Amino acid sequence: MMLRAVIRRASTRGGSSASSGLGKSLQSSRVATSAQSFHSLSATTQTLVPCGSHAPTFHHRSCPGCSECSRTVFSSFQGTTLQRWARPFSSDTGDVVEAVVPHMGESITDGTLANFLKKPGDRVEADEAIAQIETDKVTIDIASPASGVIQEFLVKEGDTVEPGNKVAIISKSADAVSHVAPSEKVAAKPAAKPSPPAETPKVESTKVAEKPKAPSTPPPTKQSAKEPQLPPKDRERRVPMTRLRKRVATRLKDSQNTFALLTTFNEVDMTNLMKLRSQYKDAFFEKHGVKLGLMSGFIKAAVSALQHQPVVNAVIDGDDIIYRDYVDISIAVGTSKGLVVPVIRGADQMNFADIEKTINSLAKKANEGTISIDEMAGGSFTVSNGGVYGSLISTPIINPPQSAILGMHSIVQRPMVVGGSVVPRPMMYVALTYDHRLIDGREAVYFLRRIKDVVEDPQRLLLDI
């Protein structure tokens, strides 16, 4: 046993000198080692902690009879708290760091831990992703706060986590991994203790299994003749819905329940727009470094139509109508995890090159799962291109809180009457689904007519007619 002396001093805010309190001490002495050896230990474990609000109390560990250990260090506290900690163990001196769930956005309070990108024992670098969290809108990476070795994970895949929750323990030194193995072995032993209660469910399961056997034999002969045989349950798979899929399902159903949805159709001759694209695609790519697609032409046509019919760009808010004097167009992008709708902000201020660059950037981020919440927030109108999947015609659903959505479809060669002659033309059906509470049929038809006129004759954009 080592000898320990505790000197406690209670001082007021006015405070007397430090030397006056050192005379009062309580010492309990059991000498097992020399004062010199104890001094070498206590020098590393010296702790000075202020306690109380008005009269701080200082605890000082020292060895009796040692002049060096008898010196107590006091600091003046004026509205602040000072703590000095000296920790003798490596785990208490910053050797172990914890990876926590980052802030996920203003409207996101929790998420589901989708999967781990690393395993315990793997070496990671600072800011390297070790796990992914799936939210209602985006997938967020959990980065390692420092370089080191993953000691253990504190949560499991599929668990719901909130910002600030601890996810993993990372050791800055590789030696810490050896300390994890015993802890895992010790943890495995108590896990085997709950084996006795496991016997009770076995007895119950056997009882339950015995009851259906007797009555199950007569019914099959009668039901087989009347009811069709269903596929066996072992050929079915039950998979939980992802947070993104549940969010999309909720928003689309809310859209159907809230809006008075109505869809109007038209068809567009794509000859001139496709001719313009094939004629200038090489020069366009050389100057702007991006390919000229058909999507930018429809975005420009939608901007022009929204400016001609401002009510399509408006939205109902309670008993009021909010008219937006800006055009932020959302584009629907289908990914492997679900549908996301990034926003092209200020589309009315962009040219063809700016629109194509923005679309490519947003689509790339969406497919890689790196798109942010800010890049999907807002939007006053949506364009959905189902034609990339071969859709001939559809009725798109409005993306709340917008009031309309434009649906593009596949381009198909169809016989058309042009100048009294029947000729093949590349045609596309376009659909506008709108909230009939706000937008009348006249405005909806005029909107689609403007889309048709601009796409069939892109020169109208230059002349603003």
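**Backbone oddities in a predicted chain**

Me: How much of the chain counts as buried?
Reply: In this predicted model, 34% of the 465 residues of the protein chain count as buried.

Me: And what does the surface look like, how much area is exposed?
Reply: The protein chain exposes about 28600 Å², and carbon and sulfur atoms supply 53% of that area.

Me: How many helices and strands are there?
Reply: The secondary structure of the protein chain comes to 10 helices and 22 strands.

Me: What share of the contacts join residues at least 24 apart?
Reply: If one takes the contacts in the protein chain between residues at least 6 apart in sequence, 65% of them join residues at least 24 apart.

Me: Switching to the backbone, which peptide bond is cis?
Reply: The bond from proline 400 to proline 401 is cis, with omega near 5°, and proline 401 is found in the loop between β19 (381-385) and β20 (404-408).

Me: Why point that out?
Reply: Because most peptide bonds are trans, and, in a similar vein, most residues other than glycine have a negative phi.

Me: OK, so what is the phi of aspartate 127, and where is that residue?
Reply: Aspartate 127 has a positive phi of about 65° although it is not a glycine, and its place is in the loop between β6 (123-124) and β7 (129-134).

Me: Is aspartate 127 buried or exposed?
Reply: Aspartate 127 counts as exposed because its relative accessibility is 65%, and the cut-off for exposed is over 50%.

Me: What about aspartate 464?
Reply: Aspartate 464 has a positive phi of about 55°, although it is not a glycine; aspartate 464 lies in the segment after α10 (459-463) and is exposed, with a relative accessible area of 63%.

Conventions: Residues numbered from 1 in each chain as written. Predicted model: local features only at pLDDT ≥ 70, side-chain atom pairs only at ≥ 80, totals over all residues. Heavy atoms only, no water. Helix = DSSP H or I, 4+ residues; strand = E, 2+ residues; numbered from the N terminus. Buried < 20%, exposed > 50% of the residue type's maximum accessible area, 1.4 Å probe, protein only. Contact = heavy atoms within 4.5 Å. Areas by Shrake-Rupley, 256 points an atom, 1.4 Å probe, with all protein chains shown as cover.
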